Amino acid sequence: MPTPRYTLTLWRIAVFIAALVPLAWWSSQVAINAAGPEPGRYLLLNIGQGILWMLFSTLSLTPLTKLTRWKGFTLIRRQLGLWTLTYALLHLFCYAVFILGLDLSRLGSEIVRRPYIIVGMLALVGLIAMGVTSNKGSMRKLGKRWKTLHKVVYLVLGLGLLHFLWVVRADLEQWSLYAAVGALLMILRLPPIARQLPKFRQLIKRPGRASV
Amino acid sequence: MLIKIAKPSDLRESDVTPESIYLSRRRFMGGLAGVGAGLSISLALAGRAQAAASDYQDVPAGNPPGWFDSKLKDAEWNSVVPADRQMDKLTPFDDATHYNNFYEFGTGKGDPARNADSLETQPWSVVIDGEVNNGGRFDLEDLAKPSRLQERIYRLRCVEAWSMVIPWLGIPLGDVIKRAEPTSKAKYVRFETLVAPEQMPGQDSSFALIDWPYTEGLRMDEAMHPLAILGLGMYGRELPNQNGAPFRLVVPWKYGFKSIKSIVRISLVEEQPVNSWQAIAPDEYGFYANVNPEVDHPRWSQATERRLPNSLFNPNIIDTRMFNGYAEEVASLYQGMDLRKHF
C-alpha cells in the first residue's frame, strides 16, 4: 500500500527537525554554561560524533529500503547526506575557530603535518564532492559516473573512522562501538547478504508462515 | 625543613605575613563571613593572605580526616604564587574539579567527577620501598606529619594543550624522600596509583590501553627539586577524589600526566622507570615530558595552550612557555640534554 503524499512530506520534515535536534541541544548546553570550561571543544567533539550518526543514518537507508521497500527511506537519502556534510563543515569550523583561534597559518601547517587531520580533510573533500553533485542537474550530467562518484561514501566512512581512531588516547570502547556499526552497515552491502534482505521482508510480513 | 626557591623572579615571596599573625583559614572565613571580632582581625591582615581566603569562599567544604584539619590550621598560605596573578588567575574550583583526566574513572573529562565517589581514601597507606634504608608501609598521616602544609599556586599544563591555574596544598616531595633515606643506588623515583577495579570503574574496561597500575617516574634530582610536591589538598581544602585524593604528585614544569594521582607506592630505583603513557605510545610521550613549546606532540602543536575556562567568543589561546614558565628554576636540571630526544 503506497504511503500518502502528505505523510511523506511530514516524514521529510520530521527527519529535518530530528537532524537539527542534536545541534540545538549542544548549543543550549553551551548557552546555559553546562558544557564545561571548554565549550568550543565540547561542540567540536560532539559534532564530530554527530557526523558519524548522520553518515550511519544515510548508509542505513539502502538496507532499510531492501528490508521494507518503503519509499520514505529513499526520499531522505539526499537530505541525510547533506546533513552529514553540514555536520562535517561545522566540525571543521569548530576546530579552526575554537582550537586554532582562527590562526590560519597554523591551520595550513596542521593540515599538512598531522595524519589524523589529513585523513579528516580527505573525508571532508569526499563529502563536498558528493554534496555539490547531489542535485538533479549533476545527476543528469554525470550519468553513470554519478553512481561511481557517490561510492566515495564508503571511503569517507573508512577515513572518518580512522580519523576518530587516531584521536583516541587511552580507551577504545567508544570507538569500537562506532566501528562495529560502520562494519555492520558495510556487511549488509555484501552481495550474498544484501540478497537475503528482501527475504526477511517476507518473514516480517508473514511471521506465521515463517514459523512453519 | 623549608627549602627556599632558587630563583625568586617568577615566584615572589613579597609581603609575607609575619609568623605571629598567621591565622587559620577557618578564622579568615569566619572573619569574612562577618563574625564581629574575626572581621576586624582579618581586615588588619596583610592583603595577600586575605586574598587567599576570599578566593575559596565558594569552595564546598570537604570531609577531611582530623589530622588534615590540624595541618590546615598551620598551613603556609601563598608559599609559591605566579608572578603575574592577572595573567595566571585561579581557575574556578568547579572547573578544576569537573574537567580533568583520571582514566581510572573513565575517559571523559567529566567522568572523574561523576564516578570518583566510590573511591575510599580513609584510611590510606603508602608503601615506600626499593633503594631506601627507612622503607615500609606508612599511614598517610604519619608520612605527612613532619612537614608543614604549603600552598603552591601552580600553572597546570595538560599535554592536550589546555591549561589551568590551581592552588595546591602539599608538602615537598624531597622531604618525604629524604626521610626514607635513599641509598646511593637510588637514581629514580617510581610512583604507582591504587589498583581497585571495584572502586575505579575505568580499570574494569576491557578496552583500556593502560596496563594498570598507572605508573610514573622522576629522576632523583627532579624529585628533590623544591617545586615538586606531594599534593594533599587544593583550594584551601583536602583533595576531592576526582583530583587524586588523598594524595598525588604535582610537578608544575611537566605535562599534567606526570602528576600521578592517588598514590599507594613510592619506590626508589636504580633504573629509569617506564611511565604508563610512554608504555602505550613511546613516540608520543617520553619519560621527561617537560612542557616544551618547541617540541610538538605528533598529533598536535604544543606551541600554544587554551587557558581554561574559555568561551566560544574567546578561546583564550596563549603561548606555552618553556618548562611551563618555570625555566629559571628547573632549566639547570636539563643542561646539556637534547630535549628533542628526551621529550
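This is a short tour of chains A and B, stop by stop, with something to select at each one. Keep in mind that you are looking at a predicted model.

**Stop 1: Chain A as a whole**

Start by selecting chain A and showing it as a cartoon. You should find twelve helices and zero strands, so named because helices and strands are read here as DSSP runs. Following the sequence from its start, you pass one α element after another, with no other kind in the pattern. Chain A has 212 residues, and 42% of them count as buried.

**Stop 2: A patch of positive charge**

Which residues gather in a patch of positive charge on the surface? Select A:Arg5, A:Arg12, A:Lys71, A:Arg78, A:Lys136 and A:Arg140, and show their side chains. Now colour two helices of chain A, α1 (5–31) and α7 (136–142): each of them supplies at least two residues of the positive patch.

Zoom in on A:Arg5, which has its place in helix α1 of chain A. Is A:Arg5 buried or exposed? It counts as exposed, because its relative accessibility is 74% and the cut-off for exposed is over 50%.

**Stop 3: From chain A across to chain B**

Next, select A:Arg113 and B:Asp296. They form a salt bridge, and the closest N and O atoms are 2.9 Å apart. This pair crosses between chains: B:Asp296 sits in the loop between α10 (276–280) and β12 (304–307) of chain B, while A:Arg113 belongs to helix α5 (residues 104–113) of chain A. Both ends can be described by their accessibility. B:Asp296 is partly exposed, with a relative accessible area of 28%, and A:Arg113 counts as partly exposed at 47%.

**Stop 4: Strands side by side in chain B**

Stay in chain B and select strand β2 (residues 125–130) together with strand β3 (residues 136–139). The two run antiparallel and are joined by four bridges. They form a hairpin, with five residues between the strands. To see one facing pair, pick B:Val127, which stands opposite B:Arg137 in β3(B).

Now add strand β11 (residues 263–269) of chain B. In which sense does β2(B) pair with β11(B)? The pairing is parallel, over four bridges. Select B:Gly130 and you will find its bridge partner in β11(B), B:Leu268. As you look along any of these strands, remember a handy rule: in a regular strand the side chains alternate between the two faces of the sheet.

**Stop 5: Salt bridges within chain B**

Over all chains, the structure holds 20 salt bridges. Try B:Arg265 and B:Glu192, whose closest N and O atoms are 3.4 Å apart. B:Arg265 lies in strand β11 and B:Glu192 in strand β6 (residues 188–193) of chain B, so this pair ties together parts that are 73 residues apart in sequence. The two partners can be told apart by cover: B:Arg265 counts as partly exposed at 31% relative accessibility, whereas B:Glu192 is buried, with a relative accessible area of 12%.

Then select B:Glu284 and B:Arg299, whose side chains meet in a salt bridge of 2.7 Å, N to O. Both lie in the loop between α10 and β12 of chain B, so the pair ties together parts 15 residues apart in sequence. B:Glu284 and B:Arg299 are both buried.

For the last selection, take B:Asp88, B:Arg155, B:Arg157, B:Glu305 and B:Arg307. Salt bridges that share partners join these residues into one network.

Notes: Residues numbered from 1 in each chain as written. Chains lettered and ligands numbered in written order. Predicted model: local features only at pLDDT ≥ 70, side-chain atom pairs only at ≥ 80, totals over all residues. Heavy atoms only, no water. Patch = residues over 30% accessible without salt bridge, like charges linked within 9 Å, V, L, I, M, F, W, Y side chains within 5 Å. Areas by Shrake-Rupley, 256 points an atom, 1.4 Å probe, with all protein chains shown as cover. Salt bridge = Lys/Arg side-chain N within 4 Å of Asp/Glu carboxyl O. Lys, Arg positive; Asp, Glu negative; His and termini not counted. Charge placed at Lys NZ, Arg CZ, Asp CG, Glu CD. Buried < 20%, exposed > 50% of the residue type's maximum accessible area, 1.4 Å probe, protein only. Pairing = 2+ DSSP bridges.
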